[in-house]
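Work through the exercises below with the sequence and the model at hand. Try each task before reading its solution.

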Amino acid sequence: MSDENSENGGLQRTIDWKQGLAIALGVPVLILPSIGYFANYVWAFAIIIWALSVFQGFMQNFAYGELATMFPKASGLPGYAQSVFTGNASNRYDLSKLLGGFSAWSYWFAWNPVLAIYSILIGSYLKGLVPALAGVPDLVVYLASGAVVFILLILVNYRGLSGGATLGYILAILSLAPLIIIALAPFVTGHFEISNITGSLLPTDWSWDIHHILILLGLFAMAQWSACAWETAAIYGPEYKQPKSDVPKALFICGAICLVTFILVQAACTGALGIEGILAEPVSPMLPIAQMTLGPIGGSLTIFMLIAAMVLIIQTAFLGASRAMYSMAGEGNLPRFFGKMNAHGTPVNAMIVIALLNMGFICLGTPAAIVAASAIGYVCANGISLLAYVKAKIDPKFSKLERPFKAPNGWRYVALFFGFFNLPLCLIGIIYLNSLELGWTSTIVGFVVLALYLPLWYYSQNENRTTLEKDNSLSGESTI
């Protein structure tokens, strides 16, 4: 089908819901690095946190699905917030426009560090898999693995999103299938013991005081970064052939897969290993499960699966972050450089900048401060986007927009509840949790990085004004 985007040199409508789903299938494997972290704080109760977080994702994504049909040209959460908070064109520095742009920037920063984090993990697994790499400095392996993955993804996606979807199909099979097999294996082999869950539901010193409630809110903030992140299927709205039907399908099928995966994987690890077994292998508790249930081949299979899964996660983040930057540039909330396309409708400039930034992040070796900022960014993006949905439902100027997919009646109150759950509750929780884990430095760094948006936005507003004045000068019109 023809589309204005194609005619104007923008993103091309080349994929259907199955291809969008394939790209978003990096989300279910986001649980892998968090299994041990959650078990350390709340033991078997982590299973309930994952279930509630995926449920939260469904509640939020009903709103996002409706926004996707209201604004079919918008790129997911970044595009929705900017489409609602458009500001006043006569006011160069309108705060409403700044809010929409900041939401998109927060979302961009939520996904962007994933590239560096998982490139480091890929490098570490390769060092364990290939004996010849044992003597090579860690940083060299991390940078090399990152460079190879980034270059590969730029080349694969250079000719459009359909290439990334094809890679997504391949990696989804390589990662999700073994993940499910390893998670189901303890139930089949008899290694799963329900007493490991029922007898260790919460730590023995757990109490429902303000300290532990804040920890719980922080864990929910971290959990939604993984368990609610399947909203990334909506970010390709301008690239779906039939966005009004493709977006809801991709969203909710991915959500169903996440619901099964997150609960199953955490339950399998807890039931098979017990809390002590998980904490003995907090980085990769799937590895001992594979060795226990599948024999010697299990370890190698798990490492191979994890590497494939991490490449899939990196691609999901890479495409999502580049579309967020493109969306911001298109709305005049970032310099136009980030919105430039190649002949195939791919935002290559944004992709290259993101790759270079993450090569710098890799040099940190342990990107704990960036992870802290990333979770803060995701909380802000979700909170503002849900408030954007509420505004879109009650603002008369949006009342005539077509809504082929509608959330149930009264859903704006649900969106409002989860908007305030994100801001301020989860934001306070993640700041508190980060202070316990990493000290205040990581939180300060996170807010500083998010605040860097302000000078970029200011520059882009002046750039927009200069361009408008030139255009009006050529046409003989006045800007006053």
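The exercises go from the overall fold to single residues, and the model is a predicted one.

**Exercise 1. Overall fold**

Task: Determine how many helices and strands the protein has, and compare its radius of gyration with the globule rule.

Solution.
Step 1. Count the secondary structure elements: there are 19 helices and zero strands.
Step 2. The radius of gyration is 22 Å, and the globule rule gives 23 Å for 480 residues; the two are close, so the protein is as compact as a globular protein of that length.
Step 3. Add the dimensions: the C-alpha trace spans about 80 × 50 × 45 Å along the principal axes.
Step 4. Look at the contacts with a separation of 6 or more: 81% of them join residues 24 or more positions apart.

**Exercise 2. Surface and charge**

Task: State what share of the residues is buried, what the surface is made of, and how many charged side chains of each sign are present.

Solution.
Step 1. Of the 480 residues, 58% count as buried.
Step 2. The accessible surface is about 18600 Å², and carbon and sulfur atoms supply 68% of this area.
Step 3. The protein carries 22 positive and 23 negative side chains. The centres of these two sets are 11 Å apart.

**Exercise 3. A salt bridge between distant parts of the chain**

Task: Find the salt-bridge partner of Arg 403, then decide whether each of the two residues is buried or exposed.

Solution.
Step 1. Recall the principle: side chains of opposite charge can pair when their charged atoms come close.
Step 2. The structure holds five salt bridges. One of them joins Arg 403 to Glu 66, with 3.0 Å between the closest N and O atoms.
Step 3. Place the partners: Arg 403 is in the loop between α16 (368–394) and α17 (411–438), while Glu 66 is in helix α4 (residues 46–70). They are 337 residues apart, and the pair links distant parts of the chain.
Step 4. Check burial: Arg 403 has a relative accessible area of 15% and is buried. Glu 66, at 0%, is buried as well.
Step 5. Extend the search to further partners: Glu 66, Lys 393 and Arg 403 are linked in a network of salt bridges.

**Exercise 4. Two further salt bridges**

Task: For the pairs Lys 127 with Asp 138 and Asp 395 with Lys 391, give the N to O distance and the exposure of each residue.

Solution.
Step 1. Lys 127 and Asp 138 form a salt bridge with an N to O distance of 2.7 Å. Lys 127 lies in helix α7 (residues 114–129) and Asp 138 in helix α8 (residues 138–157), so the bridge ties together parts eleven residues apart in sequence.
Step 2. Lys 127 is buried at 18% relative accessibility, whereas Asp 138 is partly exposed at 39%.
Step 3. For Asp 395 and Lys 391 the N to O distance is 2.8 Å. Asp 395 is buried at 19%, and Lys 391 is partly exposed at 24%.

**Exercise 5. A buried acid**

Task: Establish which side chain of opposite charge is nearest to Asp 246, and what Asp 246 touches.

Solution.
Step 1. Locate the residue: Asp 246 belongs to helix α12 (residues 243–280).
Step 2. The nearest side chain of opposite charge is Lys 249, 5.4 Å away. A salt bridge needs the nitrogen within 4 Å of a carboxyl oxygen. Asp 246 is therefore buried without a salt bridge.
Step 3. Leaving out residues up to four places away in sequence, Asp 246 touches Ile 15, Asp 16, Trp 17, Tyr 240 and Lys 241.

**Exercise 6. Local geometry**

Task: Describe the surroundings of Ala 329 and the backbone at Pro 424 and Trp 43.

Solution.
Step 1. Ala 329 sits in helix α14 (residues 296–330) and is buried, with 9% relative accessibility.
Step 2. Its C-alpha is 5.0 Å from that of Gly 339, ten residues away in sequence. Among the residues that Ala 329 touches are Leu 334, Pro 335 and Phe 338.
Step 3. The peptide bond from Leu 423 to Pro 424 is cis, with omega near 20 degrees; Pro 424 is in helix α17.
Step 4. Trp 43, in the loop between α3 (35–42) and α4, has a positive phi near 55 degrees although this residue is not glycine. Trp 43 is partly exposed, at 22% relative accessible area.

Technical notes
Residues are numbered from 1 along each chain as its sequence is written. This is a predicted model: local features need pLDDT of at least 70, side-chain atom pairs count only at pLDDT 80 or more; totals for chains, interfaces and linings use all residues. Side-chain values use heavy atoms; hydrogens and water are left out. Helices (H or I, at least four residues) and strands (E, at least two) are DSSP runs, numbered from the N terminus. Buried means under 20% relative accessible area, exposed over 50%, partly exposed in between (1.4 Å probe, protein chains only). Lys and Arg count as positive and Asp and Glu as negative; His and the chain ends are not counted. Contact means heavy atoms within 4.5 Å. The radius of gyration is taken over C-alpha atoms; the globule rule is 2.2 Å times the number of residues to the power 0.38. Accessible areas come from the Shrake-Rupley method with a 1.4 Å probe; for residues, only the protein chains shown count as cover. The place of a charge is taken as NZ of Lys, CZ of Arg, CG of Asp or CD of Glu.
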